[in-house]
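Thanks for coming, everyone. I'd like to walk you through one structure today. Please bring it up on your screens.

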Amino acid sequence: MSTAFGHLRYGPAGWQRIDLYGPAEPDDGAAPVAETPQAAPVVLVHGGFWRHDRTAQDLEPLAFALAELGHRVAVLEYRPSWDGGAWPGAAEDCRAALHLLGQKDGTWSDAVLVGHSAGAQLLLAALQGQARRARVVLLAPVTDLAEAARLGVGEGAVDVFLAGHLAAGGTHREATPVLAPADAASVTVVSAQEDQAVPAELTRHQLGHWPENGPRLTTVSVPGARHMHLVNPQRPACRTVLELIRSGAATARKEDR
C-alpha cells in the first residue's frame with residue numbers, strides 16, 4: 001500500500017513545489033521496514049513542452065506504482081514558460097528542488113533521477129556541473145533543443161521556451177545540457193517506438209551526438225509504445241521503465257555500501 005505524504009515548497013510561486021509519495025506507514029506502532037537496495041528514492045520530472053501540457057499530477061500514477069514497490073518518490077513541479085519558467089527559469093527550479101531534497105534528507109542525494117520528454121532537458125540542465133554522480137533515466141527525452149526546434153517538436157514549443165534567451169542573443173545550443181561523467185554515473189535513454197510526440201529522427205540525432213567523453217549511456221527501445229505509455233503503469237511499456245528504475249536504484253545502493 002502507498003500514500004501521498006504532502007508537499008515541500010522550494011520557492012514563492014505556487015508552481016514551485018515537490019509532491020511526495022511513499023510506502024504507507026505502519027498503523028500498528030511497529031517500526032517501518034528498513035529500506036532495501038531495491039527501494040532507493042526516486043525523483044520524477046514531468047514533461048509538457050515547458051508550457052505544462054502535462055503537470056506533476058500526470059506522474060502521480062507512476063509515483064504510486066513506485067511507492068507500491070517500496071520507493072519514496074518526489075515529483076518536481078516547476079514554473080511553465082508562460083509563468084516565469086522560460087529558460088533558464090524552469091531548470092533553476094529543478095536545481096533548487098533537488099538541492100532542497102538533499103538538505104531535508106541526505107538519502108535523496110542518492111536518488112535515481114527520471115525525466116520524461118521535455119522534463120529530461122530540465123533534469124540534465126539541473127545536473128550539469130553539479131558533480132552529483134547521479135543515476136539518470138530519460139524517458140522519450142527532448143534534450144537537443146537546436147534539433148528539436150528544427151524539427152518543430154511541440155509545435156514550436158522550443159522557441160517559445162527560449163524566446164527571451166534568443167532575443168538576448170543566446171543560442172539553442174547554450175540551452176542544450178551536456179553532462180560530464182562527474183555529473184552522472186550513468187544515463188539510460190528509453191524511447192517509445194510508436195512515439196507520436198518525440199519523432200524518431202530527434203531520438204536518433206540525440207543518441208548519435210552523445211559525447212564520447214560523457215556519462216556511460218544505455219539505450220532501450222520499447223516496441224509498440226507511445227509517448228505517455230512509458231509513464232502509465234496500466235500500459236505494458238511502463239513495466240520496462242519500472243524495472244530500469246529499480247535496477248538503477250539497486251546499483252546505486254550497492255555502490256554506496
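Let's start with the largest nonpolar core, which has 48 residues. Keep in mind that this is a predicted model. Which residues have the most contacts inside that core? They are Ile 18, Val 43, Trp 50, Leu 76, Leu 101, Val 136 and Val 142. One helix gives the most to this core: α3, residues 118-127, with eight residues.

There is also a second core, separate from that one. This one has 27 residues, and Leu 62, Leu 66, Val 137 and Cys 238 are among them.

Back to Leu 76 for a moment. Leaving out residues up to four places away in sequence, what does Leu 76 touch? The list includes Ile 18, Val 43 and Leu 101. Arg 17 and His 46 are on it too. So are Cys 94, Ala 97 and Leu 98.

Now to helix α3 itself. Is α3 mostly covered or mostly open? Mostly covered: 10 of its 10 residues are buried. They run from Ala 118 and Gly 119 at one end to Ala 126 and Leu 127 at the other, with Gln 121 included. What covers them? Helix α2 is part of the answer, and so are α4 (145-150) and α5 (157-161). Strands contribute as well, including β3 (42-45), β5 (112-116) and β6 (134-139). After α3 comes Gly 129, with a positive phi near 80 degrees.

Next, the pairing of α2 and α3. Helix α2 covers residues 89-104. The two helices pack at an angle of about 60 degrees, and their axes are 8 Å apart. At that angle, α2 and α3 are therefore oblique to each other. The crossing is right-handed.

Which residues meet there? From α2, they are Ala 90, Ala 91, Cys 94, Arg 95 and Leu 98. From α3, they are Leu 122, Leu 123, Ala 125, Ala 126 and Leu 127. By type, this contact has nine nonpolar residues, no polar ones and one charged one.

Last stop: Gly 208. Where does Gly 208 lie? In helix α7, residues 200-208. Gly 208 is exposed, because its relative accessible area is 59%, and the cut-off for exposed is over 50%. Compare its position with Val 231. Gly 208 and Val 231 are 23 residues apart in sequence. In space, C-alpha to C-alpha, they are 25 Å apart.

That's my tour. Over to you.

Terms used. Residues are numbered from 1 along each chain as its sequence is written. This is a predicted model: local features need pLDDT of at least 70, side-chain atom pairs count only at pLDDT 80 or more; totals for chains, interfaces and linings use all residues. Side-chain values use heavy atoms; hydrogens and water are left out. A nonpolar core is a set of buried Ala, Val, Leu, Ile, Met, Phe, Trp, Tyr and Cys residues joined through side-chain atoms within 4.5 Å. Buried means under 20% relative accessible area, exposed over 50%, partly exposed in between (1.4 Å probe, protein chains only). Helices (H or I, at least four residues) and strands (E, at least two) are DSSP runs, numbered from the N terminus. Contact means heavy atoms within 4.5 Å. Axes are lines fitted to C-alpha atoms, for helices over the stretch in contact, and angles run from 0 to 180 degrees between N-to-C directions. Angles under 35 degrees count as roughly parallel, over 145 as roughly antiparallel, 65 to 115 as roughly perpendicular and the rest as oblique. A crossing is left-handed if the near helix is turned anticlockwise from the far one by less than a right angle, and right-handed if clockwise. Ala, Val, Leu, Ile, Met, Phe, Trp, Tyr, Cys and Pro count as nonpolar, Asp, Glu, Lys and Arg as charged, and the others, Gly among them, as polar.
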